Amino acid sequence: MNGKVKPRIGFLFHDPGGRLARAVDVGALAAKFSKAKDVAGWEVLADLSSPGGMDSVREGVQTGRFNRLIWVGRFSGEQKKRAESDLAAAGLNRYLHEWCDPEEQGVRAEGGPRDILTQKAAVFLQMALARARLLEPLEPVTIPGADAVLIVGAGTAGLHTAAALVDLG
């Protein structure tokens, strides 16, 4: 594979309260995507914030079972950052996470017939899987800074920028 690591993708279905499970057939989605190419597993997570809520995922990353993750469900920005940092400590690059929220795309219990919503969710998950296969780890780049600046132009923007930089020291 041209030196690239073969994707081993974990699907993590997070649905506290069961809102999404009332709208779609989670079992059918799990059966379909568990067999998909490059998918190493499908897990339903009860609650990420509870003690031990991410232990199985962390273990999957540490043992090499997963090298990319697709998170399915509704997540706050804080939950995303916490999951990425927790799993970075386990060895997963923070750029190897794909977030998929079917509810954001109209897949809700009041959105229509369950079989249609399950098909719609499957399309979103298929797209997330395609993207996850292409994810590559990125490393932070440090660029040395300089204490000098050059401002080109003496118009209003240039003069305002120069005054702001003088205030900064």
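This note goes through the nonpolar core, several buried residues and the largest pocket of a predicted model.

1. The largest nonpolar core is a good place to begin. It holds 41 residues, and those that touch the most other members are Phe11, Val24, Trp42, Leu69 and Trp71. At least two residues of this core come from each of β1 (9-14), α1 (19-23), α2 (26-34), β2 (39-45), α3 (55-62), β3 (68-72), α4 (77-89) and α5, and α5 gives the most, with eight residues. As general background, nonpolar side chains in soluble globular proteins tend to be buried together.

2. Tryptophan 71, one of the core residues just named, is placed in strand β3 and is buried, because its relative accessible area is 0%, where under 20% is the cut-off. Beyond the residues up to four places away in sequence, Trp71 touches Leu12, Leu45, Leu48, Met54, Val57, Ala83, Leu87, His97, Glu98, Trp99 and Cys100. By contrast with these contacts, histidine 160, which is 89 residues from tryptophan 71 in sequence, lies 45 Å from it in space, taken from C-alpha to C-alpha.

3. Leucine 69 is another of the core residues that touch the most other members. Once its neighbours within four places in sequence are left aside, leucine 69 is in contact with Gly10, Leu12, Val57, Val61, Leu87, Leu92, Leu96, His97 and Glu98.

4. Glutamate 98 deserves a separate look, since it is a charged residue that counts as buried, at 11% relative accessibility. Its place is in strand β4 (residues 97-100), and apart from neighbours within four places in sequence it is in contact with Leu69, Ile70, Trp71, Ala128, Arg131, Ala132 and Leu135. The C-alpha atom of glutamate 98 is separated by 8.6 Å from that of valine 72, although the two residues are 26 residues apart along the chain.

5. Aspartate 101 is found in the loop between β4 and α5 (114-134), and it too is buried, because its relative accessible area is 15%. What joins the side chain of aspartate 101 to that of arginine 74? The link is a polar contact of 2.8 Å. When residues up to four places away in sequence are not counted, aspartate 101 touches Gly73 and Arg74.

6. Aspartate 101 is also among the residues that line the largest pocket, together with Gly73, Phe75, Lys80, Trp99, Cys100, Glu104, Gln105 and Phe124. About 180 Å³ of space lies in this pocket, and its lining, sorted by class, has four nonpolar, two polar and three charged residues.

7. Two residues at or before strand β2 complete the points. Aspartate 38 lies in the loop between α2 and β2, where it has a positive phi of about 75 degrees although it is not a glycine; at 12% relative accessibility, aspartate 38 counts as buried. Glycine 41 lies in strand β2 itself and counts as buried at 9% relative accessibility. Not counting residues up to four places away in sequence, glycine 41 touches Ile9, Gly10, Phe11, Arg65 and Phe66, and its C-alpha atom is 8.4 Å from that of arginine 8, which is 33 residues apart from it in sequence.

Technical notes
Residues are numbered from 1 along each chain as its sequence is written. This is a predicted model: local features need pLDDT of at least 70, side-chain atom pairs count only at pLDDT 80 or more; totals for chains, interfaces and linings use all residues. Side-chain values use heavy atoms; hydrogens and water are left out. On a 1 Å grid over the protein atoms alone, a cavity is a set of points where a 1.4 Å probe fits but cannot get out, and a pocket is an open set with protein on both sides within 12 Å along at least five of seven lines; lining residues have an atom within 4 Å of a point. Grid points are joined across faces, edges and corners, and a volume is the space filled by probe spheres set on the points. Helices (H or I, at least four residues) and strands (E, at least two) are DSSP runs, numbered from the N terminus. Buried means under 20% relative accessible area, exposed over 50%, partly exposed in between (1.4 Å probe, protein chains only). Contact means heavy atoms within 4.5 Å. A polar contact is a pair of N or O atoms within 3.5 Å; within protein, one must be able to donate a hydrogen and the other to accept it, and residues adjacent in sequence count only if both atoms are side-chain atoms. A nonpolar core is a set of buried Ala, Val, Leu, Ile, Met, Phe, Trp, Tyr and Cys residues joined through side-chain atoms within 4.5 Å.
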